[in-house]
Amino acid sequence: MTEFSISRLPRIEFGSGALAKLPAIARGYGAHALLVTGAGSLKSSPFWPGVTAGLKGQGISWLHLAIPGEPSPQMVDEAVRALRTEPIDVVIGIGGGSALDAAKAIAGLLKPGNSVMDHLEGVGPELPYCGPATPFIAVPTTAGTGSEATKNAVLSLQGPDGYKKSFRDEKLVAEYALVDPDLLATCPPSVIAANGMDAVTQLLESYVSSRATPLTDSLAWGGMKAARDGLLALYTDAGDAAARERMAYAALVSGITLAQVGLGSVHGLAAPLGAFFPIPHGVACGTLVATATRLNIETLRTREPVHPALEKYAQVGRLLSKQGHLDQTAAHAALINTLEAWTLELKLPTLAHYGVTPADIPRIVANSRGSSMKTNPVLLEDSEIAAILTARI
């Protein structure tokens with residue numbers, strides 16, 4: 001069996017009602033918390049009164065920081081400067097990937113007090129992070145990014161000179177991840193669609209990653225099966241408890257697998273797309289995944305016809321299409337057709353909807369070769385990466 005290493009994971013509490021465990025767990029770290037949430041959806045949800053009452057019941061006081069949109073390095077630095085002198089024993093992130101990433105980065109820097117730009121990959125000096133981090137508890141309210149299980153805090157600067165990069169270190173991993181599928185009940189269909197396709201893409205890309213391991217393969221396989229049976233059902237009816245559980249699980253294990261073995265070309269492209277254009281990360285992934293998968297398969301057939309990823313793509317095609325008898329070629333077609341059908345059914349917009357034009361392609365391609373592209377199962381040429389974008393404009 002292939003040798004492999006597994007990096008640190010949070011302690012995970014999964015299941016309906018897991019949110020109720022938050023106050024007691026937080027109290028184990030102290031009586032003063034920083035609560036980091038999205039811009040407002042949690043405070044207007046039926047879950048907010050229970051969270052605040054539970055914290056009060058444990059004698060915990062808290063400061064509240066709302067994150068409007070995707071966090072930037074400047075926002076993290078401003079929050080650290082404003083909060084560093086406060087007696088914060090634990091940082092609690094409750095929300096989607098943006099809220100969790102912001103909370104993770106802030107928790108990492110409250111004690112050291114320096115700028116996140118010191119550590120952001122591909123930007124600045126990339127100094128090693130020495131910590132210490134303030135204990136961090138992650139509570140995802142969407143099913144997509146898997147940030148609750150990773151060491152990455154993804155930060156963005158949008159605009160012509162923008163970037164989307166990670167502050168990344170094992171010391172940033174959450175102490176606890178509380179994954180409560182009930183929190184998905186208030187997600188609108190557009191959020192379920194984008195985040196769900198992000199999770200699907202993360203599972204597929206980690207399954208065929210050049211660093212994939214037997215352990216991550218088994219997790220990704222179970223996650224893809226859960227997404228197959230949960231995504232469209234949850235998109236149609238957020239009240240479907242079984243679908244919520246399946247998608248919460250799929251998102252969680254997608255975070256675990258990507259943290260261990262990396263991703264691929266879709267996420268390589270999603271980073272510059274999200275930096276240069278106002279395109280949500282999950283939308284970028286869902287829009288590109290079918291085309292990128294087709295191109296990966298075609299390139300592998302031409303250059304490396306016995307590459308193991310070809311059979312892994314076929315396995316996923318049989319799984320997602322529920323056609324276990326298909327030969328490899330037919331299974332590849334079934335995989336691409338299934339991903340295309342999901343993109344259409346979930347009503348994910350094209351790249352052109354967000355202002356991407358053919359003239360933008362060279363700049364996007366030039367900025368696509370980050371860490372995700374390095375674990376794609378085949379090395380793509382610039383012209384091949386450009387072809388993925390061209391097909392989705």
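Start by selecting Cys285, which is buried at a relative accessible area of 0%. The model on screen is a predicted one.

Keep Cys285 selected and look for a bonding partner. Cys285 takes part in no disulfide. The nearest cysteine sulfur belongs to Cys187 and is 17 Å away, whereas a disulfide is counted here only for sulfur atoms within 2.5 Å. Across the whole structure the number of disulfides is 0.

Next select Cys130. Is this residue buried or exposed? Cys130 is exposed, because its relative accessible area is 63% and the cut-off for exposed is over 50%.

Now switch to a cartoon view and find the sheet. The sheet is open, has 6 strands in the order 1-8-5-4-2-3, and pairs them in parallel. Select residues 11–14 for strand 1 and residues 61–67 for strand 3. These two strands stand at the edges with a single partner strand each, so one side of each has no neighbour in the sheet. From one strand to the next, the twist averages 15°.

Move to strand 5, residues 136–140, and strand 8, residues 176–179. How many bridges join strand 5 and strand 8? The two strands pair in the parallel sense over 2 bridges. To see one residue pair, select Ile137 together with Tyr176, its bridge partner in strand 8.

Finish with helix 2, residues 48–57. Which strands does helix 2 lie across? Show strand 2 (32–38), strand 3 and strand 4 (90–95): helix 2 lies across these three. Relative to strand 3, helix 2 runs at about 150°.

Notes:
Residues numbered from 1 in each chain as written. Predicted model: local features only at pLDDT ≥ 70, side-chain atom pairs only at ≥ 80, totals over all residues. Heavy atoms only, no water. Pairing = 2+ DSSP bridges. Helix = DSSP H or I, 4+ residues; strand = E, 2+ residues; numbered from the N terminus. Axes fitted to C-alpha atoms, helices over the stretch in contact; angles between N-to-C directions. Contact = heavy atoms within 4.5 Å. Buried < 20%, exposed > 50% of the residue type's maximum accessible area, 1.4 Å probe, protein only.
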